[in-house]
Amino acid sequence: MTPLALTLTVVTLALAGAMAGFFYAYSMSVMWALDAVDPKVAIASMQSINIVVRNAIFFPAFFGTPVVALIAAGLWRAQGLHNVALLLAVAAIAYLIGTFLVTILLNVPMNERLARTTPPVEIEAARTIWESYSIPWTLWNHIRTASSFATLMLTGWALYLAGRHAPS
């Protein structure tokens, strides 16, 4: 077992954990809190969140998780640990489909539409806008959460199997 393969697998575990926790927090608290406040405030708050989330801390975890997993998979495969490599490759694919693509194809376009929205003065109009955003956005966020946790679990399993092959 090479230190680099092991290190990259641990990094993948940390990145997947960060992303799973990030999306979980939205599903289990942030969106519930925004749903409970004045919809004009919810719209403005989410617009602000969607601006500040684009930062140097979020991007490496969001974009790096599948990349690091695939590099680690390649290193394990080169060492003949095909089961470890397969788990990491599946982890990367789960993340790419259920987290990355869902974000890029669904959540980001919803965020961009919301960004172009001026919160209306009338509360019912604001409620309609917020609910038409919040309900589908949260549903797709649940998918991202589950996918990120699947990535985390698959990576943990790969790490466990790699450890079983470590010299005693």
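A crossing is called left-handed if the near helix is turned anticlockwise from the far one by less than a right angle, and right-handed if clockwise. Keep that handy for the exercises below, and remember that this is a predicted model.

**Exercise 1. Work out how α1 sits against α5, including the handedness of the crossing.**

Step 1: Start with the geometry. The α1 and α5 axes lie 8 Å apart, and the packing angle is about 155 degrees.

Step 2: Turn the angle into a direction. Angles over 145 degrees count as roughly antiparallel, so α1 and α5 are roughly antiparallel to each other.

Step 3: Apply the opening definition. α1 passes α5 in a left-handed crossing.

Step 4: Check who takes part. Sorted by class, the residues of the α1 contact with α5 come out as 18 nonpolar, 13 polar and 2 charged.

**Exercise 2. Lay out the secondary structure of the protein chain and its overall span.**

Step 1: Count the elements: 5 helices and 0 strands.

Step 2: Go along the sequence, and the pattern reads α-α-α-α-α.

Step 3: Add the dimensions. The C-alpha trace spans about 70 × 25 × 20 Å along its principal axes.

**Exercise 3. Describe how α3 packs on α4, and name the residues that make the contact.**

Step 1: Locate the helices. α3 covers residues 58-78 and α4 covers residues 82-115; they pack at an angle of about 160 degrees with axes 8 Å apart.

Step 2: That angle makes α3 and α4 roughly antiparallel to each other, and α3 passes α4 in a left-handed crossing.

Step 3: List the contact. From α3 come A61, F62, F63, T65, P66, A69, L70, A72, A73, W76 and R77, while α4 brings H82, V84, A85, L88, A89, A92, Y95, L96, T99, F100, T103 and I104.

Step 4: Sort this α3–α4 set by class, and you get 18 nonpolar, 4 polar and 1 charged.

**Exercise 4. Do the same for α4 and α5, from angle to residue classes.**

Step 1: Read off an angle of about 165 degrees, with the axes of α4 and α5 8 Å apart.

Step 2: α4 and α5 are therefore roughly antiparallel to each other.

Step 3: For handedness, α4 passes α5 in a left-handed crossing.

Step 4: The contact of α4 with α5 holds 23 nonpolar, 11 polar and 1 charged residues.

**Exercise 5. Find the largest pocket and say what lines it.**

Step 1: Get its volume, which is about 300 Å³.

Step 2: Look at the lining of 16 residues; nearest the pocket's centre are V53, F58, T103, V108 and N111.

Step 3: Ask which helices contribute. At least two lining residues come from each of α1 (3-36), α3, α4 and α5 (123-164).

Step 4: Finish with the chemistry: the lining of the largest pocket divides into 11 nonpolar, 3 polar and 2 charged residues.

Key
Residues numbered from 1 in each chain as written. Predicted model: local features only at pLDDT ≥ 70, side-chain atom pairs only at ≥ 80, totals over all residues. Heavy atoms only, no water. Axes fitted to C-alpha atoms, helices over the stretch in contact; angles between N-to-C directions. Helix = DSSP H or I, 4+ residues; strand = E, 2+ residues; numbered from the N terminus. Parallel < 35°, antiparallel > 145°, perpendicular 65-115°, else oblique. Contact = heavy atoms within 4.5 Å. Nonpolar A, V, L, I, M, F, W, Y, C, P; charged D, E, K, R; others polar. 1 Å grid on protein atoms, 1.4 Å probe; cavity = no way out; pocket = protein on both sides within 12 Å on 5 of 7 lines; lining within 4 Å. Points joined across faces, edges and corners; volume = space filled by probe spheres on them.
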